[in-house]
Amino acid sequence: MRIFLLFCTILFSSLLKAQAPLQPYIQILGTAQDGGYPHLGCQKSCCEKAWNNNVPKSFVVSFALVDPQEKKWWLFEATPDIKEQLHYFQTLNNGVYNYLPEGIFITHAHIGHYTGLMQLGREVMSTKKLPVYTLPKLADFLSNNGPWSQLVTLNNIELRTMEANKHVGIGKNISVQAYTVPHRDEFSETAGFSIRTPNKNYVFIPDIDKWSKWAIDIKTIVANTDIALLDATFYNEGELPNRAMSEVPHPFVKETMTLFDKETNDLKAKIHFIHFNHTNPILWDEQIQNDIKDKGYNLAEQGAKL
């Protein structure tokens, strides 16, 4: 009788799993700052480890938003590594999704975040009206400056301008909201994205000057989401010894951890640091990696599903 009951329990559990709906998720396709890791021209120990394959290389920051039930996916950021990242996504998922995403969301006009769009032009893929979602200034920049404007006039891409702080529906119960964050806005504003899915909510802020410069409280943002991918360009002051770091302001990882130091472990666990500059020891220093994890935080890992 006990064996029969055990068999029924296992069978019922299996049936429940089989009937459980497939839920959307994100998959990390890159974790590095705009120059990738290793970095062009860097012959120091930080990049030598990656050049020699002693530590993993990393593509520029990007991820896929995947809806397995609808067999659709969207790309966040069009990086210089887009060719490798699209192939990487297909490899990770055994080619079950279309090669091109349903659309691309771009945060801002710094080279690591939008220049992959060139691969969509007639010199390479010559795509047809691939939706590209941006805030208004970035849409204007792409429309009025070559070579990007050619993508628009030849209908390789179809710009879909987002309004800040309003959600845009893109799939079955999936929506994306853009909001502006303070950053070096030479050519466009800078967006952060909030993503709502039926089972999880995500926040993506790869670039911001300092949390204190933002009118919105980052603690509130993190508290109201499930996973927060946050700017971790630099670990601490002094990573650029020949350059004033005030020229490229970002919240140091140490600063962010200090900010959240007194918060609950559940809140800290929502944070996944991402967008690592090649000088950031998080990329290769296991002691620092373990210290961050011991404090309750997470590090975005290339290929991971969240």
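A pocket, as the word is used here, is an open set of grid points with protein on both sides within 12 Å along at least five of seven lines. With that in hand, let's walk through this predicted model, starting with its pockets and then moving to its cores and two of its helices.

**Pockets**

The largest pocket holds about 470 Å³ of space. Its lining is made up of 24 residues, and those closest to the centre are Gln33, Leu240, Arg243, Asn277 and His278. The second largest pocket offers about 380 Å³. Here 16 residues form the lining, with Pro56, Ile282, Leu283, Gln289 and Glu301 closest to the centre. The table sets out the two pockets by volume and by class of lining residue.

| Pocket | Volume | Lining by class |
|---|---|---|
| Largest pocket | about 470 Å³ | seven nonpolar, 10 polar, seven charged residues |
| Second largest pocket | about 380 Å³ | eight nonpolar, four polar, four charged residues |

**Helix α10, beside the second pocket**

Which helix gives the most to the lining of the second largest pocket? That is α10 (residues 286–294), with three residues. Within α10, Ile288, Gln289 and Ile292 are buried. These three lie on the same side of α10 because they cover an arc of only 105° around the axis. An α-helix has 3.6 residues a turn, so residues three or four places apart point the same way. Turned away from that buried side is a face carrying the exposed residues Glu286, Gln287 and Asp294. The cover over the buried residues of α10 includes α8 (253–259), β12 (271–274) and β13 (298–299). Gln289 appears twice in this picture: it is buried in α10, and it is among the residues closest to the centre of the second largest pocket.

**Nonpolar cores**

The largest nonpolar core has 52 residues, of which Phe76, Phe105, Leu117, Phe193 and Leu229 touch the most other members. Leaving aside residues up to four places away in sequence, Leu117 touches Ala78, Ile104, Ile106, Val132, Leu142, Trp148 and Leu151. Another core, of 34 residues, lies apart from the largest one and includes Tyr37, Phe273, Ile292 and Tyr297. Ile292 is also one of the buried residues of α10.

**Helix α5**

Leu142, a contact of Leu117, belongs to the buried residues of α5 (residues 136–144), together with Leu138, Ala139 and Phe141. An arc of only 160° around the axis is covered by these residues, which puts them on the same side of α5. Lys137 and Asn144 are exposed on the other side of α5. Among the elements covering the buried residues of α5 are α4 (111–114), β5 (130–134), α6 (148–153) and β6 (157–161).

How values were computed:
Residues are numbered from 1 along each chain as its sequence is written. This is a predicted model: local features need pLDDT of at least 70, side-chain atom pairs count only at pLDDT 80 or more; totals for chains, interfaces and linings use all residues. Side-chain values use heavy atoms; hydrogens and water are left out. On a 1 Å grid over the protein atoms alone, a cavity is a set of points where a 1.4 Å probe fits but cannot get out, and a pocket is an open set with protein on both sides within 12 Å along at least five of seven lines; lining residues have an atom within 4 Å of a point. Grid points are joined across faces, edges and corners, and a volume is the space filled by probe spheres set on the points. Ala, Val, Leu, Ile, Met, Phe, Trp, Tyr, Cys and Pro count as nonpolar, Asp, Glu, Lys and Arg as charged, and the others, Gly among them, as polar. Helices (H or I, at least four residues) and strands (E, at least two) are DSSP runs, numbered from the N terminus. Buried means under 20% relative accessible area, exposed over 50%, partly exposed in between (1.4 Å probe, protein chains only). The arc is that of the directions from the helix axis to the C-beta atoms. Contact means heavy atoms within 4.5 Å. A nonpolar core is a set of buried Ala, Val, Leu, Ile, Met, Phe, Trp, Tyr and Cys residues joined through side-chain atoms within 4.5 Å.
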